[in-house]
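Trainee: Could you take a close look at one part of this model with me? I'd like to hear about the pocket and whatever surrounds it.

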Amino acid sequence: MKKSSEAFKNWLLSGSDPLEEEMIETLSDDAAEEKQAEEASPRAKKERRSLKQYLYDSGLYRPVRILSSVALCVMLIVMLMATVMDMPYFGQADTLVDSEVSEFYVKHTLEHTGATNIITGIILNFRGFDTLGESHVLFIAVCSVIILLKMTPKEEDPFLHVHSDDALDRKLEKDLILSSLSRILFPLILMFGVYIILNGNISPGGGFSGGAVIGAGLILYLSAYGYKRIQRFFTYKTFKTVSCLALLCYTSSKTFHFVTGANDIHVPISLGTPGTIFSGGLLLPLNIFVGLVVACTMYTLYTLFRKGDF
Amino acid sequence: MLEIVRFAVVAALLIASVVLESFAIFGVNRFRFALNRLHAAAIGDTLSISCVILAAIVYTGFELLSLKYFLIVTLMWMTSPVSGHLISLLVVKTDEDIEKEAKEWKN
């Protein structure tokens with residue numbers, strides 16, 4: 001009785017018991033024999049060849065197909081090149097004169113929002129609620145992934161949590177080349193992400209792209225150094241705190257904006273001088289909040305799909 | 001005179017990168033084993049891209065923008081071999097017929 005319970009426990013903890021191994025061995029022997037018998041008979045050989053012909057198309061129409069696919073590719077290349085040639089030049093003044101909406105944005109974004117990067121001015125000021133919904137969509141996606149994939153901690157349920165951190169770290173097999181490269185690269189990547197977020201209102205970039213860069217940097221750190229090192233500064237609690245706080249701050253600042261703007265109250269936040277980092281009123285904090293949400297979301301999705309926990 | 005030389009250098013570099021990239025595409029589609037294909041893809045990843053960026057550097061002249069181009073090349077040359085190394089490790093670990101393939105390639 002004791003032995004069988006031990007075997008059961010062994011099986012649960014993903015070990016293998018001798019009986020099972022024996023069964024697998026006999027099964028693979030049978031499969032090999034079958035394969036040999038199949039190879040010996042000429043009919044099976046013929047069938048296999050016809051299957052190969054069907055799959056790889058080495059028959060009559062092969063040159064036609066190759067020629068037609070090459071022709072299709074060349075046509076596509078020519079079409080794309082023609083489109084690129086037809087595009088307006090970079091920085092041309094009369095690019096989109098026909099469209100009233102874009103003309104309004106191009107002419108008035110700077111005076112309304114104080115952002116030299118028109119795109120940030122549009123997505124965080126004119127369409128701020130749209131971006132708010134987008135960051136909430138990201139948060140909801142992570143929540144549903146957590147509901148589906150997050151495993152219970154080991155103390156609560158000993159049978160569900162099979163892989164311990166040590167086993168996973170061993171499976172990772174820390175690579176010397178990767179870890180020594182990421183020692184140089186990880187700080188640079190983080191710095192670049194922060195630079196993109198902070199410069200969102202004056203140069204191309206912003207919360208979404210900078211947050212994606214930071215999230216990718218965290219993923220690189222995880223794959224280079226393993227779970228133990230990253231748990232020093234990024235755990236489930238960190239994710240919860242940072243994400244929820246950033247979304248709350250975003251919502252409250254946007255509500256403030258909405259109330260003051262809709263009721264025509266004077267906004268006390270000045271727009272600052274365009275072109276400096278502290279300009280554009282609420283754009284800089286909004287960019288930071290969006291960046292935090294995106295970075296946390298990217299890292300969390302990765303680690304949940306990989307391990308089911310942080 | 002200088003303009004003509006510059007144009008010629010840029011054109012030569014771009015043509016070289018196109019040729020190298022077509023080698024890479026041909027190899028990726030033509031080789032049978034994953035490790036060979038990886039080698040072919042690495043040509044496009046490192047040499048061909050660096051040729052394009054070098055052409056851009058020559059085209060803009062030597063200023064701040066060309067320094068940024070140079071940073072792109074440095075980053076590509078640092079990261080692309082490492083990712084290739086990791087993928088090849090994965091191939092060696094997961095491919096069941098790796099020894100057979102290696103023998104076949106040698107002969």
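Mentor: Sure, let's start with the pocket itself. The largest one has a volume of about 780 Å³, and keep in mind that this is a predicted model. Rolling a probe the size of a water molecule over the atoms shows where empty space is left. Lining the largest pocket are 17 residues. Nearest its centre you'll find Phe192(A), Lys68(B), Leu71(B), Ile72(B) and Leu75(B). Two elements give two or more residues each to this lining: H9 of chain A and helix H3 (64-94) of chain B. H3(B) provides the largest share, eight residues. And what classes of residue make up the lining? By class, there are 14 nonpolar residues, two polar and one charged.

Now follow H3 of chain B, since that helix also holds Val92(B). Is Val92(B) buried or exposed? Neither, as it happens: its relative accessible area is 44%, so Val92(B) counts as partly exposed, the class between 20% and 50%. In sequence, Val92(B) sits 58 residues from Ala34(B), while their C-alpha atoms are 9.5 Å apart in space.

Zooming out to chain B as a whole, the secondary structure consists of four helices and zero strands, which gives the order α-α-α-α from the N terminus on. Of its 107 residues, 23% count as buried. The chain exposes about 7,700 Å², and 72% of that comes from carbon and sulfur atoms. Looking at contacts in chain B with a separation of 6 or more, 61% are between residues 24 or more positions apart.

The other pocket element, H9, takes us over to chain A. The largest nonpolar core has 23 residues, and the ones with the most contacts inside it are Leu218(A), Ile230(A), Phe234(A), Phe239(A) and Tyr299(A). In chain A, helix H9 (176-198) supplies at least two residues of this core, as do helix H7 (128-149), helix H10 (207-225), helix H11 (227-230) and helix H13 (283-306). The largest share, seven residues, belongs to H10(A). For a view from inside, pick Phe239(A): leaving out residues up to four places away in sequence, it touches Val142(A), Ile146(A), Phe234(A), Cys296(A), Thr300(A) and Phe310(A). Another core, of 14 residues, lies apart from that one, and includes Leu282(A), Leu283(A), Phe289(A) and Val290(A).

Methods
Residues are numbered from 1 along each chain as its sequence is written. Chains are lettered from A and ligands numbered from 1 in the order in which they are written. This is a predicted model: local features need pLDDT of at least 70, side-chain atom pairs count only at pLDDT 80 or more; totals for chains, interfaces and linings use all residues. Side-chain values use heavy atoms; hydrogens and water are left out. Buried means under 20% relative accessible area, exposed over 50%, partly exposed in between (1.4 Å probe, protein chains only). Contact means heavy atoms within 4.5 Å. Accessible areas come from the Shrake-Rupley method with a 1.4 Å probe; for residues, only the protein chains shown count as cover. A nonpolar core is a set of buried Ala, Val, Leu, Ile, Met, Phe, Trp, Tyr and Cys residues joined through side-chain atoms within 4.5 Å. On a 1 Å grid over the protein atoms alone, a cavity is a set of points where a 1.4 Å probe fits but cannot get out, and a pocket is an open set with protein on both sides within 12 Å along at least five of seven lines; lining residues have an atom within 4 Å of a point. Grid points are joined across faces, edges and corners, and a volume is the space filled by probe spheres set on the points. Ala, Val, Leu, Ile, Met, Phe, Trp, Tyr, Cys and Pro count as nonpolar, Asp, Glu, Lys and Arg as charged, and the others, Gly among them, as polar.
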